[in-house]
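Grab a pencil and work through these exercises with the structure open beside you. Each task comes with a solution, taken step by step.

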Amino acid sequence: MPHGLTGVLEEWKSLEEEYQQLQETHRLYLQKLDEFSKIQKNCSSSISSQRKRLKDMSHLMKKCSTGASEEDAKTLDEIKEKMKMWPNTFSEMETFLPSKNGLYLHLVLGNVNVTLLTKQSKFAYKDEYEKFKLCLTVLLLLFSFICYFFVSYRFLDAILNFLLVWYYCTLTIRESILITNGSRIKGWWVFHHYVSAFLSGVMLTWPDGKLYKTFRNQFLAYSLYQSFVQCLQCYYQSGCLYRLRALGERHNMDLTVEGFQSWMWKGLTFLLPFLFFGHFWQLFNGLSLLRMAQLPDCTEWQVLMCSLSFLILFMGNFFTTVAVVRQKLKSRNQKPKSL
């Protein structure tokens, strides 16, 4: 037998053995995957069952507490204290189990499971979200700077607005996935991205004309300022969150936001003047466009829509920031009393 053929046969034999091993490994993988899927279903149904029984138990305890002796009341209180922790534990468990997508994710992605199954993959996705937000904010800052100072072409403005639409739409999808995986971002900090996406979309469709040119520089200056403040926030908030997570004071899935939150008090109060200035700029934009909409030659629906969007952004941002600052001041004043 020729030497070359011997080498080929030996290589084929080795390859065939590896192929058989691969088939066996894949069969085992599918078997484990099936077992894993069954365990997930069992966990989900057990949590639903436990929640139902816990609710029934609460009603039962309310009935028992009427006319109970001092010793029985003490026992019931102990049980109540233990029961208080259970709903949070169930919610934490559910972040590692497949769940139905919310309305927005269901409309965008369908019924695809977006639950990340390990803490490492959740944190990696959150970290990638923060990097994406920072990189796009820097890009938008540079683009706004170029459009404001160097060029004055409608098609470049359209590219900027398209980038803003894509950026905010992508943020809403990523945030919905992060919420499914245990992130605690909620309320206005989520909703204002939808409003910003709508505003950018309307700006994109605004035809080039006298009214657009009148508002153009004001809008670009505002975009430039907002991107600058968001860069500051991303940089300082991420550092603050990292330290607080290391101390165990914040959740691993907490995110940076385009606003002020209670955990930012130490070292980040210097951001408040920047934020309030940005909020009042939104009010100024809204009122400027509202006056423009009342002009006799204003026939473009985009003017009124942009005005309403800016006013909604101002009210949401301003009142949310004021509420957070007020709550934080209140809690700080109460601490010495409790000591």
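Below are five exercises on this predicted model, going from the whole chain down to single residues.

**Exercise 1. Work out what secondary structure the protein chain has, and in what order.**

Start with the count: the chain has ten helices and zero strands. Next, read from the N terminus, and the pattern is α-α-α-α-α-α-α-α-α-α.

**Exercise 2. Find how much of the protein chain is buried, and how its contacts are spread along the sequence.**

First, burial: of the 339 residues, 38% are buried. Then the surface: about 21,200 Å² is exposed, with carbon and sulfur atoms supplying 64% of that. Last, the contacts: take those with a separation of 6 or more, and 76% of them join residues 24 or more positions apart.

**Exercise 3. Decide whether Gln 226 is buried or exposed, and say what Gln 226 contacts.**

Step one is to place the residue: Gln 226 sits in helix α7, which covers residues 210–246. Step two is the accessible area: Gln 226 has a relative value of 18%, and the cut-off for buried is under 20%, so Gln 226 counts as buried. Step three is to set aside the neighbours within four places in sequence; Gln 226 is then in contact with Gly 278 and Gln 282.

**Exercise 4. Do the same for Phe 96: where does Phe 96 lie, and what does Phe 96 touch?**

Phe 96 isn't in a helix run; look for it in the loop between α2 (70–94) and α3 (103–109). Its relative accessible area is 25%, which makes Phe 96 partly exposed, because that class runs between 20% and 50%. Now skip residues up to four places away in sequence: Phe 96 touches Thr 115, Leu 116, Leu 117, Thr 118, Lys 119 and Lys 122. For one of these, check the backbone too: the C-alpha atoms of Phe 96 and Leu 116 are 6.7 Å apart, with their positions 20 residues apart along the chain.

**Exercise 5. Pick out the surface patches, one nonpolar and one negative.**

Take the nonpolar one to begin with. Phe 191, Leu 304, Leu 308, Ile 312, Met 315 and Phe 319 make a patch of about 560 Å². Helix α10 (residues 301–338) gives the largest share, five residues. Met 315 lies in that helix, and at 44% relative accessible area Met 315 is partly exposed.

Now the negative one: Glu 11, Glu 16, Glu 17 and Glu 18 gather on the surface. To place a member, note that Glu 18 is found in helix α1, residues 3–65.

Definitions and conventions: Residues numbered from 1 in each chain as written. Predicted model: local features only at pLDDT ≥ 70, side-chain atom pairs only at ≥ 80, totals over all residues. Heavy atoms only, no water. Helix = DSSP H or I, 4+ residues; strand = E, 2+ residues; numbered from the N terminus. Buried < 20%, exposed > 50% of the residue type's maximum accessible area, 1.4 Å probe, protein only. Contact = heavy atoms within 4.5 Å. Patch = residues over 30% accessible without salt bridge, like charges linked within 9 Å, V, L, I, M, F, W, Y side chains within 5 Å. Areas by Shrake-Rupley, 256 points an atom, 1.4 Å probe, with all protein chains shown as cover. Salt bridge = Lys/Arg side-chain N within 4 Å of Asp/Glu carboxyl O. Lys, Arg positive; Asp, Glu negative; His and termini not counted. Charge placed at Lys NZ, Arg CZ, Asp CG, Glu CD.
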